[in-house]
Amino acid sequence: MASQRARQSRSGKSTLKIIAVFLSSSDSRWWFILFNLPILIMCPIAELDAAETEESAEPLPKEWYVSGFLLRSYPIGGSLKVDGDKIPDTSFNSATGGGLKIGVFPSYKSVFGAEFEAFGHGGSITAPHTVVGNTTRSAQIDTSVFNFMANALARYPGDYIQPYTGVGLGLSILGTDGYTQSSAGIREPDSLFGLTLQGIIGVRLLVTNHLFGFAEYKPALFFGKEGDGCGSGKYRRSGCTPRPTHSLNSQSHYVSVGIGYRF
């Protein structure tokens with residue numbers, strides 16, 4: 001037991017030394033720190049007591065997990081319309097947020113699994129004043145984005161490192177605060193509801209039988225629309241005059257890092 005503890009101590013110190021050299025020889029831009037964050041978080045955890053290390057040698061019969069993560073969004077384009085009138089030169093800014101995951105694999109060696117995730121972040125949508133004929137178009141909107149996704153995953157079930165990929169589909173809610181100007185006049189949009197489709201590429205680092213860190217890259221497409229104030233389906237009000245509605249299509253890249261617990 002004493003020799004095992006000594007090996008773990010030397011292993012932890014060696015790992016920390018390698019990371020220190022790696023960080024000192026690289027630039028300090030935030031994205032580099034972001035990708036190294038799981039390793040920096042996991043290294044102190046790697047010094048856990050030998051009892052946990054011995055426990056981690058016994059595989060889990062089934063694998064449920066929960067995790068939390070931080071993310072950064074990188075919008076790469078999209079279109080904003082009011083009753084079909086497109087507002088030109090619309091831009092979307094990057095934002096930081098976070099979320100939670102709950103997932104399952106049938107066993108510790110299963111290749112296919114599924115998870116549910118919920119995450120949110122802020123942002124803004126802007127467009128400069130553009131005049132064509134007698135119509136001025138512009139936008140200044142602050143946003144709050146909430147996504148609720150169901151993901152299908154496929155992984156390589158390694159003992160320490162598990163690369164994985166997947167696809168997800170879910171409901172998105174885009175809260176808004178601001179205005180647009182178009183052929184419909186100056187409007188204050190309500191919340192937009194729609195669908196998000198995302199791809200997933202990630203890797204997990206298993207520290208013990210229960211604790212893990214992970215990093216992910218996710219390209220995503222959002223398609224959303226504002227309600228017209230008259231309801232929908234069987235709840236639609238007869239005789240109601242629809243108001244001008246906003247619609248939004250956007251594409252984003254997401255980068256996230258987090259830690260989780262398997263049980």
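The following conversation asks why certain features of this predicted model carry the names they do.

Visitor: What should I know about the model before we start?
Guide: This is a predicted model in which local features need pLDDT of at least 70 and side-chain atom pairs count only at pLDDT 80 or more, while totals for chains, interfaces and linings use all residues. Residues are numbered from 1 along each chain as its sequence is written, and side-chain values use heavy atoms, with hydrogens and water left out.

Visitor: What makes cysteine 230 and cysteine 240 a disulfide?
Guide: A disulfide is a pair of cysteine sulfur atoms within 2.5 Å, and the S to S distance between cysteine 230 and cysteine 240 is 2.0 Å, so the pair meets the definition. A search of the whole structure finds one disulfide. Cysteine 230 and cysteine 240 both lie in the loop between β10 and β11 (246-262), 10 residues apart; strands such as these are DSSP runs of E of at least two residues, and helices are runs of H or I of at least four, numbered from the N terminus.

Visitor: Why is the disulfide of cysteine 230 and cysteine 240 called left-handed?
Guide: The torsion about its S-S bond is about -75 degrees, and therefore the disulfide is left-handed.

Visitor: How do you know whether cysteine 230 and cysteine 240 are buried or exposed?
Guide: Buried means under 20% relative accessible area, exposed means over 50%, and partly exposed is in between, with a 1.4 Å probe and protein chains only. Cysteine 230 has a relative accessible area of 1% and is therefore buried, whereas cysteine 240, at 26%, is partly exposed.

Visitor: What makes the contact between glutamate 115 and lysine 101 a salt bridge?
Guide: Side chains of opposite charge can pair when their charged atoms come close. A salt bridge requires a side-chain nitrogen of Lys or Arg within 4 Å of a carboxyl oxygen of Asp or Glu, and glutamate 115 and lysine 101 have an N to O distance of 2.7 Å, so the contact qualifies. Because glutamate 115 lies in strand β5 and lysine 101 in strand β4 (residues 95-105), the pair ties together parts that are 14 residues apart in sequence. The structure holds 12 salt bridges.

Visitor: Which other residue forms a salt bridge with lysine 101?
Guide: Glutamate 117 does, the closest N and O atoms being 3.3 Å apart. Here lysine 101 lies in strand β4 and glutamate 117 in strand β5, so this pair ties together parts that are 16 residues apart in sequence. Lysine 101 has a relative accessible area of 3% and is therefore buried, and glutamate 117, at 0%, is buried as well.

Visitor: Which residues are linked in a network of salt bridges?
Guide: The network links Lys101, Glu115, Glu117, Glu216 and Lys218. Lysine 218 forms a salt bridge with glutamate 216, with the closest N and O atoms 4.0 Å apart. Lysine 218 is buried because its relative accessible area is 1%, and glutamate 216 is buried because its value is 3%.

Visitor: How do you know that there are cavities in the structure?
Guide: Rolling a probe the size of a water molecule over the atoms shows where empty space is left. On a 1 Å grid over the protein atoms alone, a cavity is a set of points where a 1.4 Å probe fits but cannot get out, and lining residues have an atom within 4 Å of a point. Grid points are joined across faces, edges and corners, and a volume is the space filled by probe spheres set on the points. The search finds three cavities of 30 Å³ or more, and the largest has a volume of about 280 Å³. The largest cavity is lined by 23 residues, of which His121, Val145, Ser250, Ser252 and Tyr254 lie nearest its centre. Elements that each supply at least two residues of this lining include β1 (63-82), β5 (112-132) and β6 (135-155).

Visitor: Why is aspartate 83 called exposed?
Guide: Aspartate 83 has a relative accessible area of 52%, and therefore counts as exposed. Aspartate 83 is found in the loop between β1 and β2 (85-87), and has a positive phi of about 50 degrees although it is not a glycine.

Conventions. On a 1 Å grid over the protein atoms alone, a cavity is a set of points where a 1.4 Å probe fits but cannot get out, and a pocket is an open set with protein on both sides within 12 Å along at least five of seven lines; lining residues have an atom within 4 Å of a point.
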